[in-house]
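Reader: I have a model open on my screen and would like to walk through its pockets, rings and contacts with you. Shall we start?

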Amino acid sequence: MSLLEIRDLKKHFPVGEGLFSRNKGAVKAVDGVSLSVEEGETLGIVGESGCGKSTLGRTILRLIEPTSGEVYFQGKNLLALSQRELRDTRRQMQIIFQDPYASLNPRMRVGDIVGEGLEIHKLARGRAKRDRVNELLHQVGLREDHYNRYPHEFSGGQRQRIGIARALAVNPKFIVCDEPVSSLDVSIQAQIINLLQELQEKMHLTYFFISHDLRVVEHISHRVAIMYLGKIVEIAKSDTIYRDAKHPYTRALLSAVPVPDTSRKKERTVLQGDVPSPVHPPSGCSFHPRCPHREAVCDQKEPPLEFGTDGHGVACHVFGPAKQN
């Protein structure tokens with residue numbers, strides 16, 4: 001059984017209009033996502049800004065309530081839990097936020113920020129809490145004398161380490177990493193990614209790693225899911241995605257990744273037009289207005305996410321598993 005299983009998850013935000021905010025429609029931020037995450041793996045979620053990656057991660061944790069669908073964690077349907085049951089389950093599910101500046105309370109000391117979860121879940125108080133927090137600070141590369149300092153006294157990379165320590169405090173099994181390195185310098189990004197991998201191996205963690213940076217995702221992920229306009233359009237093992245991507249959108253994203261070797265020429269796929277509005281997505285395949293390989297069926301029928309024998313899933317009429325066989 002998978003540690004996490006998502007079935008047809010949707011999150012639609014209503015759009016109001018006029019003085020009385022009459023319902024004009026809905027932003028389909030997450031629109032029918034189904035996937036699973038195995039214990040101990042890192043599933044990377046990739047896509048352009050606004051495709052629904054962060055909304056998906058927060059909806060899984062019920063930080064945002066979903067419109068419909070099911071989320072199973074260790075066999076429990078999270079959407080059917082009471083607030084008390086959900087609170088107990090949240091010990092096993094944590095999040096690392098994107099912005100290390102906005103995610104930390106500037107009025108709280110580091111020891112209280114990291115130890116807050118210990119008190120909420122009644123895991124440690126007093127001296128035991130301080131010892132546990134100091135242990136966590138050491139694990140993420142900080143010092144004990146940082147305990148009584150405030151967030152403004154730290155760099156961006158150090159603040160993200162504090163955020164990681166806070167997420168680890170209650171001994172979770174599953175962590176949503178919501179673009180945890182996107183606001184950091186490249187050299188610091190590498191340090192944080194290496195830290196996350198070390199902690200995963202040591203503590204047997206499972207990551208739901210959200211990013212728009214394909215190279216970062218390649219380095220840390222076991223499998224990669226590509227998201228476009230609230231839907232998963234391709235999912236496969238990391239090396240398969242980077243070696244043999246099928247979906248035209250995935251190929252376009254990979255073609256935009258810089259190559260370190262300047263002697264190698266890389267053919268760039270430039271997509272035409274802008275990302276369609278999630279309020280009024282195109283009929284059929286949502287990618288067809290920008291796709292250089294579209295056929296007549298693409299604007300009439302939405303392609304399902306179909307899997308080949310190798311577990312490579314593609315939602316495409318032209319390059320899906322049925323066309324490969």
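Reader: Which element gives the largest share of the lining of the second largest pocket?

Author: Happy to help, and please keep in mind that this is a predicted model. The second largest pocket holds about 230 Å³ of space. Of the 15 residues that line this pocket, the closest to its centre are Glu48, Ala252, Leu253, Ala256 and Arg268. The largest share of the lining is three residues, and the element that gives them is α9.

Reader: Thanks! Thr250 caught my eye too; with which side chain does Thr250 share a polar contact?

Author: Thr250 has its place in helix α9, which covers residues 248–255. Its relative accessibility is 1%, and the cut-off for buried is under 20%, so Thr250 counts as buried. At 2.8 Å, the partner in the polar contact is the side chain of Glu234.

Reader: Now the largest pocket: which element provides the largest share of its lining?

Author: The largest pocket has a volume of about 460 Å³. It is lined by 18 residues, and those closest to the centre are Arg90, Gln94, Gly117, Ile120 and His121. Elements giving two or more residues to this lining are β6 (93–96), α3 (110–120) and α5 (156–168). The largest share, five residues, comes from α3.

Reader: And how many charged residues are in the lining of the largest pocket?

Author: Let us go through the lining by class. Eleven of its residues are nonpolar and three are polar. The number of charged residues in the lining of the largest pocket is four.

Reader: What about closed space: what is the volume of the largest cavity?

Author: Searching the whole structure for cavities of 30 Å³ or more finds one. Among the 13 residues lining the largest cavity, the closest to its centre are Cys285, Phe287, Cys291, Cys298 and Cys316. By class, this lining has eight nonpolar, four polar and one charged residues. The volume of the largest cavity is about 70 Å³.

Reader: On to the rings: why is the pair of Phe174 and Phe208 tilted?

Author: The count of aromatic pairs comes to five. For Phe174 and Phe208, the ring centres lie 6.3 Å apart and the planes are at 55 degrees. Stacked pairs need planes under 30 degrees apart and edge-to-face pairs need over 60, so 55 degrees makes this pair tilted.

Reader: How many residues apart in sequence are the parts that this pair ties together?

Author: Phe174 is buried, with a relative accessible area of 0%, and Phe208 is also buried, at 0% relative accessibility. Phe73, Phe174 and Phe208 form one aromatic cluster. Phe174 lies in strand β7 (residues 174–178) and Phe208 in strand β8 (residues 206–211), so the parts tied together by the pair are apart in sequence by 34 residues.

Reader: Which ring does the charged end of Arg251 sit over?

Author: There are two such arrangements to look at here. The charged end of Arg130 sits over the ring of Tyr147, 4.1 Å from its centre. For Arg251, the distance from the charged end to the ring centre is 4.4 Å, and the ring is that of Phe319.

Reader: One last arginine: which side chain makes a polar contact with the side chain of Arg223?

Author: Arg223 has its place in strand β9, residues 223–228. A polar atom of its side chain lies 2.5 Å from the backbone oxygen of Ser36. The side-chain partner, in a polar contact of 2.7 Å, is Glu41.

Key: Residues numbered from 1 in each chain as written. Predicted model: local features only at pLDDT ≥ 70, side-chain atom pairs only at ≥ 80, totals over all residues. Heavy atoms only, no water. Phe/Tyr/Trp six-rings, centres within 6.5 Å; stacked < 30°, edge-to-face > 60°. Helix = DSSP H or I, 4+ residues; strand = E, 2+ residues; numbered from the N terminus. Buried < 20%, exposed > 50% of the residue type's maximum accessible area, 1.4 Å probe, protein only. Lys NZ or Arg CZ within 6 Å of the ring centre and 35° of its normal. 1 Å grid on protein atoms, 1.4 Å probe; cavity = no way out; pocket = protein on both sides within 12 Å on 5 of 7 lines; lining within 4 Å. Points joined across faces, edges and corners; volume = space filled by probe spheres on them. Nonpolar A, V, L, I, M, F, W, Y, C, P; charged D, E, K, R; others polar. Polar contact = N/O pair within 3.5 Å; in protein donor to acceptor, adjacent residues only side chain to side chain.
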